[in-house]
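Me: I'd like a close look at one part of this model, please, taken step by step. Here it is, so that we are both looking at the same thing.

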Amino acid sequence: MTTLDREQPRATDGAPGDGGARPLPLTLAVPAAVLAGVALLLAFPPYGMWPLAPVGVALLAAAVHRRRLRAGAGLGFLTGLALFAPLLEWTNLHTGYLPWALLSLLQAAFLALLGAATAWVSPLADRHRAAWPLLTGVLWVGQEALRDRAPFGGFPWGRLAFSQDTSPLLKLAALGGAPLVTFAVAVAGGLLVTAAWRDWRRTPGQWRPVAGLTAALVALLAAGSAVPTGVRGAGDTVTVAIVQGNVPRLGLDFNAQRQAVLNNHVDATLELARRVTEGGQERPDVVVWPENSSDIDPLRNPGAGERISQAADAIGAPILVGAVLVGPGQGEVRNAGLLWRPGTGPDLDQVYTKRHPVPFAEYVPLRSIARKVSSQVDRVRSDFVAGDRPGVLNTGPAVLGDVICFEVAYDGIVRDTVTGGAQLLVVQTNNATFDVAEARQQLAMVRLRAVEHGRAALMASTVGVSGFVSPDGRVDGATGFNTAAVVVRQMELGDGRTPATTAGVWPEVALTALAVAALAGAAVLRRRREAAPG
């Protein structure tokens, strides 16, 4: 173990209050790491205390600064557990504790990597104090870029950007998507830790750097507020109805009464048609049903198809149905958005098959090995196969950009619908196996996507929360949880592209490259110091 692994003796400022070039004592670092996770948790829905996200970033940065790699990883892991275990608690509601525990531990491991990386770049932060906020920002983006992709396609839940649905920083999504929002939140946390990390016993002159860093933080928030949202409109509006039919009971067996779920959505649509006929409601141009609104394949089951046709004919508008379709192979199924037109029935040219099925929920990778860990994997009797085309569906009145459930968390899947010509964003989801916290976290992602691509958006859920989102991120017509509801709104059709849509993945690539460069730069500085005399 080298001297540099023990401490950084050439640093200019010590930890708060100790006057030396040492890390925080463990008696402070461990609580700080745990509090970092708690602060990050409270920033997300359903709590929605978005200013705590930078506080959590700052606490983790302070806890791991100047520590050995293993200590940094351990403290980062504590932060990850404090964040992800309660944030993902909805995953254990109906599957038991093991899947929830494994997922939480896996996600916490990525924050362990972040903790180690933050500890590694400590010499750079000490040598170039003004760069500390930028180092913090790029490392967070790099960690999320990795976590969003690995393993099995990644799990982007809990990104810093998704905690900012009511924050001024949300508008930055229009410039650089979720990675830029995460970067801004982490930079804000870096400004906080840079301002706080000093020997407060040296009172003369302390206010100057603190005032400067505070001004930078205020400027960051103001810059976010000043970003314009939305793009050039197509000049048209459409009337869209969300049908939230509800399910007989919450839980994994909600689809044991598949016919009842389908009937709920048909009956709610027929009631909407009755109100339209009586003049109490404007006729919608498009009706959106949620994911799993027909778990009976309506292309193979005549009874299910007849019921959907009854609803479409009565309302006189195309219905986007969330359907489970059998095939194409033996033992395979598809999670699809299927357009059903009045008079003619299913439009097989306008079908979207979910491109990112959820591992261990919609398909089981390494099934023989997974079964040894938990017999719960056998609940997934048929593997869902992935689609190969973006969800761009032309209903006639509007071109929809359809994504299904967790796909809203993946940048590229949503972006592909907009670059493919989508005028509205649609998220079909089924929250019957989760709770209201998960639904609100998902709605926060829809808000970010609306701002990111300058498109009006909606989320249609079987049980809630459903609602409409304007291109500036405002929510309208949000429904309650575990209730039946029908909401109708006019939506503006979007056209053109935001800077974020045009830039695509490149902001994330650039920031991640800077994170790699920072790690390499810290390695060079460490070697130079190690080789220096004394």
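How are α3 and α5 oriented to each other: parallel, perpendicular or oblique? And once that is clear, please carry on to the salt bridges.

Reply: Happy to! Keep in mind that this is a predicted model.

Let's start with the helix pair. Two packed helices are described by the angle between their axes and by the distance between those axes. Here, helix α3 covers residues 52-64 and helix α5 covers residues 97-120; their axes lie 9 Å apart and make an angle of about 60°. Angles of 65 to 115 degrees would count as roughly perpendicular, and those under 35 degrees as roughly parallel. α3 and α5 are therefore oblique to each other. As for handedness, the crossing of α3 and α5 is right-handed.

Which residues make this contact? On the α3 side they are Leu60, Ala61 and Val64, and they meet Leu114, Gly115, Thr118 and Ala119 of α5. Sorted by class, the contact of α3 with α5 has 5 nonpolar residues, 2 polar ones and no charged ones.

Charged residues come in with the salt bridges. Side chains of opposite charge can pair when their charged atoms come close. The count of salt bridges in this model is 18, and a network of them links Glu144, Asp148, Arg159, Asp411, Arg449 and Glu452.

Let's walk through some pairs among these residues. Arg159 forms a salt bridge with Asp148, with 3.2 Å between the closest N and O atoms. Arg159 and Asp148 both sit in the loop between α7 (132-147) and α8 (173-196), 11 residues apart. Both of these residues are buried.

Next comes Asp411, which forms a salt bridge with Arg449, the closest N and O atoms being 2.8 Å apart. Asp411 belongs to helix α13 (residues 411-419) and Arg449 to helix α14 (residues 436-453), so this pair ties together parts that are 38 residues apart in sequence. Is Asp411 buried or exposed? Its relative accessibility is 11%, so Asp411 counts as buried. Arg449 counts as buried too, because its relative accessibility is 1%.

Arg449 also has a partner within its own helix: the side chains of Arg449 and Glu452 meet in a salt bridge, at 2.7 Å from N to O. Arg449 and Glu452 both lie in α14, 3 residues apart, which is about one turn of the helix. Glu452 is buried, as is Arg449.

Methods: Residues are numbered from 1 along each chain as its sequence is written. This is a predicted model: local features need pLDDT of at least 70, side-chain atom pairs count only at pLDDT 80 or more; totals for chains, interfaces and linings use all residues. Side-chain values use heavy atoms; hydrogens and water are left out. Axes are lines fitted to C-alpha atoms, for helices over the stretch in contact, and angles run from 0 to 180 degrees between N-to-C directions. Helices (H or I, at least four residues) and strands (E, at least two) are DSSP runs, numbered from the N terminus. Angles under 35 degrees count as roughly parallel, over 145 as roughly antiparallel, 65 to 115 as roughly perpendicular and the rest as oblique. A crossing is left-handed if the near helix is turned anticlockwise from the far one by less than a right angle, and right-handed if clockwise. Contact means heavy atoms within 4.5 Å. Ala, Val, Leu, Ile, Met, Phe, Trp, Tyr, Cys and Pro count as nonpolar, Asp, Glu, Lys and Arg as charged, and the others, Gly among them, as polar. A salt bridge is a side-chain nitrogen of Lys or Arg within 4 Å of a carboxyl oxygen of Asp or Glu. Buried means under 20% relative accessible area, exposed over 50%, partly exposed in between (1.4 Å probe, protein chains only).
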